[in-house]
Amino acid sequence: MTATGEETKVISEWPKSREAWERASRSVSGGVATALRATARPHPLFFTGGAGATLTDFDGNDYIDYVLGWGPNILGHGNPALVAAVQDQITRGATYGSGHLLEFEIAERLLQAFPCAERVLWSNTGTEANLSALRIARAATGREHFVKFAGHYHGWSDPMLVGYRPRAESDIALESRGQATSSAELAHVLNWGRAEELETLLTERDDIAAVFLEPVLCNSGVIEPPLGFLERVREICDEHGVVLIFDEVITGLRIAFGGAVERYGVAPDIIILAKAVAGGLSLAALLGKASLLDLTLNGVTHAGTYNGNPLVLAAAGATLDELSKPGVYERFETLSARLANGFRDALAAHNMTGAVNQVGPVVQVTLGLPTVEDFSDFQKTDQESYAKLLLELLRRGIFAVAGGRWYLSTAHTEAQIDHTIGIFDEALTALESA
Ligand SMILES: Cc1ncc(COP(=O)(O)O)c(C=O)c1O
């Protein structure tokens with residue numbers, strides 16, 4: 001819905017955000033920078049700034065922020081070390097178009113965090129990095145098709161935007177108007193957690209270059225891999241000479257310093273990082289075997305004006321410093337388990353059916369089912385009631401988004417978590433009486 005349709009008649013509780021959205025919609029398509037943000041109810045909020053784990057909107061309301069820019073702000077807003085690093089770098093230039101110290105220093109630090117990798121390629125977004133990984137895998141194997149799993153998101157490019165929100169389990173229809181039809185032919189969408197499906201497909205076909213997966217299915221329910229699944233996928237890929245790619249855009253540096261690779265102890269051939277890696281600035285990276293990533297020296301194009309610029313790498317350096325401090329990941333676990341348990345207790349106290357999944361500082365709340373263990377569960381959850389809950393939370397100063405993923409940063413405090421649980425309880429009461 002646009003800001004200029006019927007919706008304009010609705011009296012907004014956020015008049016200044018409303019006004020800003022209407023004005024923005026006359027210059028920016030949809031009034032905000034992505035179509036997804038435009039779906040926020042009752043309309044997107046406009047923010048003047050953030051501090052730590054809070055955001056302030058145009059109407060002067062403060063929120064505890066669990067969106068964190070859809071994931072990147074793992075240090076919260078305005079982290080002093082990150083601000084200082086970026087300020088220091090910008091005085092010496094934003095980008096040089098050639099080599100510099102941070103380019104290899106930060107690469108070395110990431111390779112220490114992900115010891116199964118030997119090389120880094122810098123990129124700017126998760127979408128781009130996934131595309132590079134696909135191209136590298138195709139070049140390495142001489143094959144064109146690839147496997148992904150239903151409900152997993154690997155960016156919005158033509159080849160990868162397949163099987164993210166399929167309408168039926170067997171449907172691999174394209175997701176965007178204007179997408180090349182060949183995308184649906186080249187991507188094979190399987191069910192998460194069922195290694196036998198992968199085994200069958202790779203036995204039947206010899207044209208599969210790569211298997212892409214989110215090692216924790218963060219985009220559709222925050223679902224951990226079933227026991228032994230990642231290990232089995234690794235074996236099957238090895239048996240068939242297929243490149244295994246972990247899309248750690250969400251999990252990298254978040255569910256452990258060394259991401260899902262560290263947490264589950266399974267080494268893919270290529271790891272993709274983005275979001276948290278530069279604490280809010282736009283940076284992505286591919287990490288992997290030299291034999292794969294060095295193909296870029298041998299005819300595989302990997303380009304980008306902004307790749308590895310010193311400004312974002314200064315931010316990455318500060319982010320790595322902060323995340324390397326003792327106790328950071330233990331604190332993430334404690335705080336997010338506290339939040340998740342608080343949500344579970346509140347749901348139980350209201351006799352409301354819902355599931356709360358949590359892996360590291362990523363928490364997922366869904367309504368309608370008692371457990372969400374795979375993508376088909378996730379698809380059956382009650383998104384409509386959840387959207388109403390979000391609105392009640394927003395009215396009470398909690399910023400979370402549709403889809404149900406809550407991110408914690410190093411800036412969130414125990415007091416904020418407890419406050420949030422209290423508000424969650426109030427919002428459920430409001431939902432019941434609506
Ligand atoms: C797992 C995963 N991969 C890739 C992407 C795409 O990253 P970007 O939005 O930086 O292009 C996302 C974005 O949310 C993601 O969650």
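This passage walks through a few residues, one helix, a cavity and a pocket in a predicted model.

Residues are numbered from 1 along each chain as its sequence is written, and side-chain values use heavy atoms, with hydrogens and water left out. As the model is predicted, local features need pLDDT of at least 70 and side-chain atom pairs count only at pLDDT 80 or more, while totals for chains, interfaces and linings use all residues.

Take His100, found in the loop between α3 (80–90) and α4 (101–113); helices (H or I, at least four residues) and strands (E, at least two) are DSSP runs, numbered from the N terminus. His100 counts as buried because its relative accessibility is 12%, where buried means under 20% relative accessible area, exposed over 50% and partly exposed in between (1.4 Å probe, protein chains only). Its side chain reaches the backbone oxygen of Gly308 at 2.8 Å. Leaving out residues up to four places away in sequence, His100 touches Gly308, Asn309, Pro310 and Leu313, with contact meaning heavy atoms within 4.5 Å.

Helix α4 turns up again in the second largest pocket, where α4 gives the most to the lining, with 5 residues. This pocket holds about 430 Å³ of space. Of its 25 lining residues, Glu103, Val120, Leu121, Trp122 and His302 are the closest to the centre. Both α4 and β4 (119–123) supply at least two residues of the lining, and the full set splits into 10 nonpolar, 10 polar and 5 charged. Here Ala, Val, Leu, Ile, Met, Phe, Trp, Tyr, Cys and Pro count as nonpolar, Asp, Glu, Lys and Arg as charged, and the others, Gly among them, as polar. On a 1 Å grid over the protein atoms alone, a pocket is an open set with protein on both sides within 12 Å along at least five of seven lines, a cavity is a set of points where a 1.4 Å probe fits but cannot get out, and lining residues have an atom within 4 Å of a point. Grid points are joined across faces, edges and corners, and a volume is the space filled by probe spheres set on the points.

As for cavities, the whole structure has 2 of 30 Å³ or more. The second largest takes up about 50 Å³, and its lining includes Gln364, Phe378, Asp382 and Tyr386. Strand β12 (362–367) and helix α14 (383–395) each supply at least two lining residues, with β12 giving the most, at 4. The lining comes to 4 nonpolar, 6 polar and 1 charged.

Gln364 also serves as a reference point for Ile64: the two are 300 residues apart along the chain, and their C-alpha atoms are separated by 16 Å. Ile64 lies in strand β3 (residues 62–65) and is buried at 8% relative accessibility. Beyond its neighbours within four places in sequence, Ile64 is in contact with Ala53, Gly397, Ile398, Phe399, His412, Gln416, His419 and Thr420.

Thr251 sits in the loop between β8 (243–247) and α9 (259–264), buried with a relative accessible area of 2%. Its side chain makes a polar contact with the side chain of Glu248 (2.7 Å); such a contact is a pair of N or O atoms within 3.5 Å, and within protein, one must be able to donate a hydrogen and the other to accept it, with residues adjacent in sequence counting only if both atoms are side-chain atoms.

Finally, helix α5 is followed by Gly142, whose phi is positive, near 70°.
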